[in-house]
Amino acid sequence: MLIATEEELRLMKLLTPEYWDPQAVKRGLRGVTLKDSTLTESGVVATLQLDGRDAMPELRKKHQLIRAMLDVLDTHLSDLSPSGRSSKVLYSVRTRYVTDELDMFWHPDITTLGLDTVTGEEVDVPRNERILTGGASGSGKSWSMRALMARAVVHPDEELGGFIDGKGEEATVWRGICKCAVTHEEIIDLIESEHARMEDRAAQMARLGISKWDLKLGPRRLIPIDEGYSVLQAVIEEDKRRGKAPKGDEEYTFLEGPDKSVMQKLTELSSQGRSREIIIMWMTQNPLRSGDDRGITSGIRTNFDFSFCLRVNTPQNTTTVLGDGAGVEPHFLPRGTRFRGHGYLNVHGPNLVRTWTVTDKMIALLALPDHGRGQDPRAIALRAVRAPPPAGGPPPLRARDT
């Protein structure tokens, strides 16, 4: 049985026709009436009836107006979603999440990105799909992608081919698990070596008469790139040194053979690597495609069908990561640790996704032959979570408290 908090009781009193209907008219919500509201495991959910004047697209533009009308706390997200009938819309205030009470510790048998915070269902990104991850500093970009990187380590047909870390901090915990590129020379070398491997695989495919790389010939390689801005700066600097960077407002000239620039090789890795089972993962805290501060180029961005957006700073960042008309607003996610590792996956829908927790110690255990099965910190943490409290002592921890 759900027990409503004081804030949920306040919202339930406002989400009644007596309050909603006159306030909606007063605030310009044309023909949007309230049918009912209820408390669920993911917060307070109300059903709105539409008379046809304001449909879903128009209603989403007034999302912040609705929040103000109900005086929703900044720390409580809200969303508008289809109800199953065109004449009705669900308005949800996320005062609680099912994932707050679930075990979110990663282990080697987990193969997904995370869990839907509303339904608790697993949310996946296929192994052979490239993914773009955008998020402001401290939002948990590197943290969020750890589960997919660890998945590549434990899968027999896959490997973490190399980790390009433009800032360097995250690479610290992955050294010994895979090749890490942090310095300028290491970044350029890894881009060029993976591009050469990709071309070798293409030549081998041509000789065998196949259009897609067969994993029997060699494992799928995942190449995460963390902090796209820093990596792009290294690439541009190297191309300038080699005399291959464009001048002024000119675009890069794409060539054949040994005359290719490093930028061309990086772009080709993102566009051609998938069929050859070299999969790029791109992370950036500044998801812009133009200007001196861009975190990705248009030529690279277009190759990512999957994208994951954590808290970002502007609506423009949201559009770059998730596309136009995403229907979600990660630029309004609150700052702080509460929503670290929480974001929206473009192919998943309006519900927030919480990614698996992969600690530094869990990553270190990936180097063991069994990848730490049965002895990882998760097992220790869960034993503490499930242990009965000592007589007269505090209650046991929940999974979210560890």
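Lys and Arg are counted here as positive and Asp and Glu as negative, with His and the chain ends left out. On this basis the protein chain of the predicted model carries 54 positive and 57 negative charges, and the mean positions of the two sets lie 2 Å apart.

The overall architecture of the protein chain comprises 13 helices and 15 strands. For 402 residues, a compact globule would be expected to have a radius of gyration near 21 Å, and the 24 Å computed for the protein chain agrees with this. The C-alpha trace extends over about 75 × 60 × 40 Å along its principal axes. Buried residues make up 52% of the 402 in the protein chain. Of the contacts between residues at least 6 apart in sequence, 66% link residues at least 24 apart. The accessible surface of the protein chain amounts to about 18,700 Å², and carbon and sulfur atoms contribute 50% of it.

Helix α9, formed by residues 262-272, is mostly covered, with nine of its eleven residues buried. The buried set consists of Val 262, Met 263, Gln 264, Lys 265, Leu 266, Thr 267, Glu 268, Leu 269 and Ser 270. Among the elements that cover these residues are the helices α7 (184-208), α8 (228-241) and α10 (298-301), together with the strands β11 (220-226) and β12 (278-284).

Zero disulfides were found in a search of the whole structure. In the case of Cys 178, the closest cysteine sulfur belongs to Cys 180 at 4.2 Å; this separation is too far for a bond, because a disulfide requires sulfur atoms within 2.5 Å. Cys 178 is buried, with a relative accessibility of 11%. Cys 309 likewise counts as buried, its relative accessibility being 0%.

Backbone geometry was also examined. Most residues other than glycine have a negative phi. Asp 71, which is not a glycine, nevertheless has a positive phi of about 55°. Asp 71 is located in the loop between α4 (63-70) and β3 (77-82), and its relative accessible area of 55% places it in the exposed class. A positive phi, near 65°, is also found for Glu 227, again a residue other than glycine. Glu 227 lies in the loop that separates β11 from α8, two elements that take part in covering the buried residues of α9. Glu 227 is buried, with 4% relative accessibility, whereas Asp 71 is exposed.

Terms used: Residues numbered from 1 in each chain as written. Predicted model: local features only at pLDDT ≥ 70, side-chain atom pairs only at ≥ 80, totals over all residues. Heavy atoms only, no water. Helix = DSSP H or I, 4+ residues; strand = E, 2+ residues; numbered from the N terminus. Rg over C-alpha atoms; globule rule 2.2 N^0.38 Å. Buried < 20%, exposed > 50% of the residue type's maximum accessible area, 1.4 Å probe, protein only. Contact = heavy atoms within 4.5 Å. Areas by Shrake-Rupley, 256 points an atom, 1.4 Å probe, with all protein chains shown as cover. Charge placed at Lys NZ, Arg CZ, Asp CG, Glu CD.
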